[in-house]
Amino acid sequence: MWLEAGSYGKHGGCLSALLAARLSLFPACPSPASYEGLRPVSSAIFNFQSLLTVILLLICTCAYIRSLAPSLLDKNKTGLLGIFWKCARIGERKSPYVAVCCIVMAFSILFAQ
């Protein structure tokens, strides 16, 4: 074994050479000055407009899937897959409001940013 405590044996040199070669592949950390002008990466959960976009896309996608294959979402009314069934119901029953929200979101993404 290579990683047994105290038993370096003939493989100890190979392991240290491997570690040294691995460390030489990674250059030193760049200075903080090289990070200027870069924006931090954020998740859609932490950005309110992106979260609304994801929710609208989820509602529209679930409603479309349910229109193609209704049995796919009807049998899953509870649990984690029940969320998709609920999104499909919102997309079916509130479709004019969802459509208006999609249009408003599209204009805000295209022209406000």
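**Entry 1: Gly82**

I started with Gly82 and placed this residue in helix H4. The model I am reading is a predicted one, so I keep that in mind while I go.Is Gly82 buried or exposed? Gly82 counts as buried, because its relative accessibility is 1% and the cut-off for buried is under 20%. Next I asked what touches Gly82 beyond its neighbours within four places in sequence. I found Asn76 and Lys77 in contact with Gly82.

**Entry 2: the whole chain**

I then stepped back to the fold. The protein chain holds five helices and zero strands, and its elements read α-α-α-α-α from the N terminus on. Of the 113 residues in the chain, 15% are buried. I also looked up the exposed surface: about 9,400 Å², with carbon and sulfur atoms supplying 71% of it. Among contacts with a separation of 6 or more, 49% join residues 24 or more positions apart.

**Entry 3: the nonpolar core**

Which residues form the largest nonpolar core? I listed nine: Leu56, Ile59, Cys62, Leu73, Trp85, Cys87, Ala88, Val98 and Met105. The elements giving two or more residues to this core are helix H2 (48-68), helix H4 (82-93) and helix H5 (95-112).

I picked Ala88 from that list for a closer look. With its neighbours within four places in sequence set aside, Ala88 is in contact with Cys62, Ala63, Arg66 and Leu73.

**Entry 4: Val98**

My next core residue was Val98, which I found in helix H5. Val98 has a relative accessible area of 9% and is therefore buried. Leaving out neighbours within four places in sequence, I noted Leu56, Ile59, Cys60 and Ile90 as its contacts. I checked Cys60 further: 38 residues separate Val98 and Cys60 along the chain, while their C-alpha atoms are 8.0 Å apart.

**Entry 5: H2 against H5**

Val98 and Cys60 led me to the helix pair, as both residues belong to the contact between H5 and H2. How do H2 and H5 pack? Their axes lie 11 Å apart, at an angle of about 140 degrees. I call H2 and H5 oblique to each other, because only angles over 145 degrees count as roughly antiparallel. The crossing of H2 past H5 is left-handed.

On the H2 side, the contact is made by Gln49, Leu52, Thr53, Leu56, Ile59 and Cys60. On the H5 side, I wrote down Val98, Cys101, Cys102, Met105, Ser108 and Ile109.

Notes. Residues numbered from 1 in each chain as written. Predicted model: local features only at pLDDT ≥ 70, side-chain atom pairs only at ≥ 80, totals over all residues. Heavy atoms only, no water. Helix = DSSP H or I, 4+ residues; strand = E, 2+ residues; numbered from the N terminus. Buried < 20%, exposed > 50% of the residue type's maximum accessible area, 1.4 Å probe, protein only. Contact = heavy atoms within 4.5 Å. Areas by Shrake-Rupley, 256 points an atom, 1.4 Å probe, with all protein chains shown as cover. Core = buried A, V, L, I, M, F, W, Y, C linked by side-chain atoms within 4.5 Å. Axes fitted to C-alpha atoms, helices over the stretch in contact; angles between N-to-C directions. Parallel < 35°, antiparallel > 145°, perpendicular 65-115°, else oblique. Left-handed = near helix turned anticlockwise from the far one by under 90°.
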